[in-house]
Amino acid sequence: MANGKLLLGLDIGSSSAKICLLKEVRGSYEIQLVDSAEFSNDPIVEGSILNGSEITDVIRGLVRSNGIKQKACAIAVSGYNVIVKRVRMPEMSEEELQENLRWEVEQHIPFDYEEVVVDTVILERNQQQKKMEILLVATKKDVVRDYISIVRDAGLEVKIVDTVNFALHNLIEVFYPKETENAVVGVINVGAAMTSMTMIVNGVPSFTRDITIGGNQITEEIQKKFGITREEAEAFKTGKSQSEGVVPADVDDVTKAVVENIVGEIRRSINFFYETTGCDRVDKLFLCGGAVKSPTTRRLFEKSLDAPVELIDLKNLAYSKQCKHDVLEEKGLELTVALGLALRSANE
Ligand SMILES: Nc1ncnc2c1ncn2[C@@H]1O[C@H](COP(=O)(O)OP(=O)(O)OP(=O)(O)O)[C@@H](O)[C@H]1O
Ligand SMILES: [Mg+2]
């Protein structure tokens, strides 16, 4: 269980902002609050914030409409703004590692040490060979600063900056503990701009990969194929609209083509994961993110990957009376990162 007061989980995705607040009840978690609000003008493109004030306005709207008193929050960065490297190095203590961090960053990360915030995860120690393997996680400082000030302008205070992949690892560890015991599981989040994946070996996040393809690309391809607006394409894609000019089977074909690309990248990443870790199987792949709401997408994942696939289902979790159940029901798959972030506490 968390040590101290739980933070508000705030996931600033490229299509919408999502919030989640948990409460500890008798040794487990209850969802107190979930909500999301969409952006209208693509304020984040390829990881760069183009319109911070739109993001601030949307977050402020969420805070007001939900009457949120809890100002301290955890946010996450991903993709273009985070570099994760698996590094093999001489065995050393946590303190020695911190002392040697600058050298390791200079060897493995293509940014100046002064420009990044660095975090490490020790994956494995081999006392005999006097070696250890770590994950080196570097996030650009200026990006972190921008996010913090956007959130501050909305009246919240950032206490923790996590990564999307580690937030999802946390979620799996807490809500699916039995599944990761002596097992290799993956969690794949297919969002609007990005697909993130983490491989968890015996509970440790051993490998992460961000692929810069997501649901937006499906929308764009539908738009091009049928010569329609983005809003129309989005409505066809999500099955909210049908018309004579656009055949659902053709929409499906476009979806399949893009998702096949994503699945291909995932397959290559899993092979790379096998090569770098010596693992030779995946026991389960958890799926989340708005784009996996499409049955076509889910079927392709099930068919093309060599492991059982399961959707992360927030509906099975305990939630309080005040919690908007319709939001959980409709947006559960999009809210997973916010839920993972809501597990963090202020005194970590
Ligand atoms: N029913 C549906 N069928 C297909 N796609 C859907 C459906 N509902 C939502 N989506 C897609 O899910 C995506 C949004 O998902 P999500 O909220 O997880 O992304 P995000 O967090 O905003 O983006 P990212 O994580 O890439 O920055 C959009 O591309 C949207 O079109
Ligand atoms: Mg997202």
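Let me start in the loop between strand E4 (44–45) and strand E5 (48–49), which is where Glu46 sits in what is, I should say at once, a predicted model. Glu46 has a positive phi of about 45°, although it is not a glycine. Is Glu46 buried or exposed? With 12 other C-beta atoms within 10 Å, Glu46 is exposed, because a residue counts as exposed here when that number is 12 or fewer.

There is a second residue to set beside it, namely Asn202, which lies in the loop between strand E12 (195–201) and strand E13 (204–211). Asn202 is not a glycine either, and its phi is again positive, at about 45°. Asn202 has 11 C-beta neighbours inside 10 Å, and so it too counts as exposed.

Stepping back to the whole protein chain, we find 11 helices and 15 strands. The radius of gyration is 20 Å, close to the 20 Å that the globule rule gives for 348 residues, so the chain is as compact as a globular protein of that length. Along the principal axes, its C-alpha atoms fill a box of roughly 70 × 45 × 40 Å. Of the 348 residues, 40% are buried, and among contacts with a separation of 6 or more, 67% are between residues 24 or more positions apart.

Finally, the ligand. Which residues are closest to ligand 1? They are Gly13, Ser15, Gly191, Gly215 and Gly290, out of 20 residues that surround the ligand. Two elements, helix H6 (215–226) and helix H7 (230–237), give two or more residues to this shell. By character, the shell around ligand 1 divides into 12 polar, 4 nonpolar and 4 charged residues.

Notes
Residues numbered from 1 in each chain as written. Chains lettered and ligands numbered in written order. Predicted model: local features only at pLDDT ≥ 70, side-chain atom pairs only at ≥ 80, totals over all residues. Near = placed C-beta within 6 Å. Helix = DSSP H or I, 4+ residues; strand = E, 2+ residues; numbered from the N terminus. Nonpolar A, V, L, I, M, F, W, Y, C, P; charged D, E, K, R; others polar. Buried ≥ 20, exposed ≤ 12 C-beta atoms within 10 Å, placed from the backbone. Rg over C-alpha atoms; globule rule 2.2 N^0.38 Å. Contact = placed C-beta atoms within 7 Å.
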